[in-house]
Amino acid sequence: MKIALLGYGKMGRYIERLATEGGDEVVLRVDEHNRADIRSADLEGVDVAIDFSRPDAAVANIELALAAGVPVVVGTTGWLDQLPTVRKQVEEAGGALFWASNFSVGVNVFFAAARRLAELISKENYRVSIEETHHTEKIDAPSGTAITLAETVAAGLRGDRPDIISYREKDVPGTHLLRFSSDIDEIEMTHTAHSREGFARGAIQAAHWIAGRRGVFTMADLLESD
Ligand SMILES: NC(=O)C1=CN([C@@H]2O[C@H](COP(=O)(O)OP(=O)(O)OC[C@H]3O[C@@H](n4cnc5c(N)ncnc54)[C@H](OP(=O)(O)O)[C@@H]3O)[C@@H](O)[C@H]2O)C=CC1
Ligand SMILES: O=C(O)C1=N[C@H](C(=O)O)C[C@H](O)C1
């Protein structure tokens, strides 16, 4: 499959390496330097665009892919408050968008477990909190994953979103801790990414999965499909 990488930083380069090893071909690489020169015609012949860029660039990149009629997989975080508007744009254009605040299978299993735990604990008297730790180059805080986790837990509790504390430490790929604490005891669940491999593999899997589909999808759709 022919891939355009919208954003060619840590994630874009990792995806290029794994996708190429798997037999895909990266035919376009877009970064801060050439972004202004890219038109939808440049995406001609591209099967899928994959965006790992910046919070303030993601929506324009989605619009570029939509204008070109190319399905787009988006891992960039920090723009998801605009998802309702973008969803309408995708539907009106008859396009395809696959977004995820975290593409790793492990984190998505963690979300499902967190939801169930929150449901089970909802009638008990626990304080809930989330902590996330990432590398110091990360622009947005809290992380997209922590926000999704907070929304997932709130849905399970039928209550408010828990508070999130963000830490930045050199070279940490991404760690998320969910804690339920009471005067009697404490339950903690942690997901620790050892590298960016899970994010990159999930994004490539999504890029293959979205081919031929129309609509707005996320990891639950992929993981629940046959
Ligand atoms: N959903 C998930 O599973 C994951 C999401 N992420 C998210 O992905 C995003 C990127 O992460 P990461 O690769 O680590 O970040 P990097 O900073 O390493 O890379 C970002 C890239 O985007 C480029 N860029 C800047 N502006 C634009 C633009 N207008 N159009 C296209 N590209 C642009 C940068 O170019 P230049 O270098 O020239 O400035 C750089 O190539 C972040 O939002 C991060 O939170 C990260 C990991 C996993
Ligand atoms: O910026 C990162 O690196 C990551 N960003 C995502 C997020 O904001 O949740 C996913 C992952 O944790 C790595």
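**Close-up views of two bound ligands**

**View 1. Two histidines meet ligand 2.** In this predicted model, an N or O atom in the side chain of H135 lies 2.8 Å from an oxygen atom of ligand 2. Its neighbour in the picture, H134, also brings a side-chain N or O atom to the ligand, this time 2.6 Å from an oxygen atom. A third contact comes from T77, with a polar side-chain atom 3.5 Å from an oxygen atom of ligand 2. On its own, ligand 2 has 330 Å² of accessible area, and the protein covers 86% of that.

**View 2. Who else stands around ligand 2?** Take a step back and you will find 13 residues around ligand 2, of which H134, H135, K138, G144 and T145 come nearest. What kinds of residue make up this shell? Two are nonpolar, nine are polar and two are charged. The space that ligand 2 takes up is the largest pocket.

**View 3. Ligand 1 and its polar contacts.** Now turn to ligand 1, where the side chain of K138 places an N or O atom 2.8 Å from a ligand oxygen atom. The backbone joins in too: an N or O atom of F103 lies 2.9 Å from an oxygen atom of ligand 1, and one of G9 lies 3.1 Å from an oxygen atom of ligand 1. Taken alone, ligand 1 exposes 930 Å², and the protein buries 81% of this area.

**View 4. The shell around ligand 1.** Here 25 residues surround ligand 1, and those that come nearest are K10, M11, T77, F103 and K138. By class, the shell holds eight nonpolar, 10 polar and seven charged residues. Where does ligand 1 sit? Look for it in the largest pocket.

**View 5. Positions listed in the UniProt record.** An unreviewed UniProt entry lists H135, G144 and T145 under "binding site". The lining of the largest pocket includes H135, G144 and T145. To find H135 along the chain, look in the loop between β6 (127–134) and α5 (144–157).

**View 6. The annotated C-terminal domain.** The unreviewed UniProt entry also gives residues 106–223 as "domain: Dihydrodipicolinate reductase C-terminal". How much of this stretch is helix, and how much is strand? Over residues 106–223, the chain is 41% helix and 26% strand. Follow the stretch from end to end, and its end C-alpha atoms turn out to be 11 Å apart.

Notes: Residues are numbered from 1 along each chain as its sequence is written. Chains are lettered from A and ligands numbered from 1 in the order in which they are written. This is a predicted model: local features need pLDDT of at least 70, side-chain atom pairs count only at pLDDT 80 or more; totals for chains, interfaces and linings use all residues. Side-chain values use heavy atoms; hydrogens and water are left out. A residue is near a molecule or strand if one of its heavy atoms lies within 4 Å of it. A polar contact is a pair of N or O atoms within 3.5 Å; within protein, one must be able to donate a hydrogen and the other to accept it, and residues adjacent in sequence count only if both atoms are side-chain atoms. Accessible areas come from the Shrake-Rupley method with a 1.4 Å probe; for residues, only the protein chains shown count as cover. On a 1 Å grid over the protein atoms alone, a cavity is a set of points where a 1.4 Å probe fits but cannot get out, and a pocket is an open set with protein on both sides within 12 Å along at least five of seven lines; lining residues have an atom within 4 Å of a point. A molecule sits in a cavity or pocket if more than half of its atoms lie within 2 Å of its grid points. Ala, Val, Leu, Ile, Met, Phe, Trp, Tyr, Cys and Pro count as nonpolar, Asp, Glu, Lys and Arg as charged, and the others, Gly among them, as polar. UniProt positions are given in the numbering used here, feature names are shortened, and annotations may be inferred rather than shown by experiment. Helices (H or I, at least four residues) and strands (E, at least two) are DSSP runs, numbered from the N terminus.
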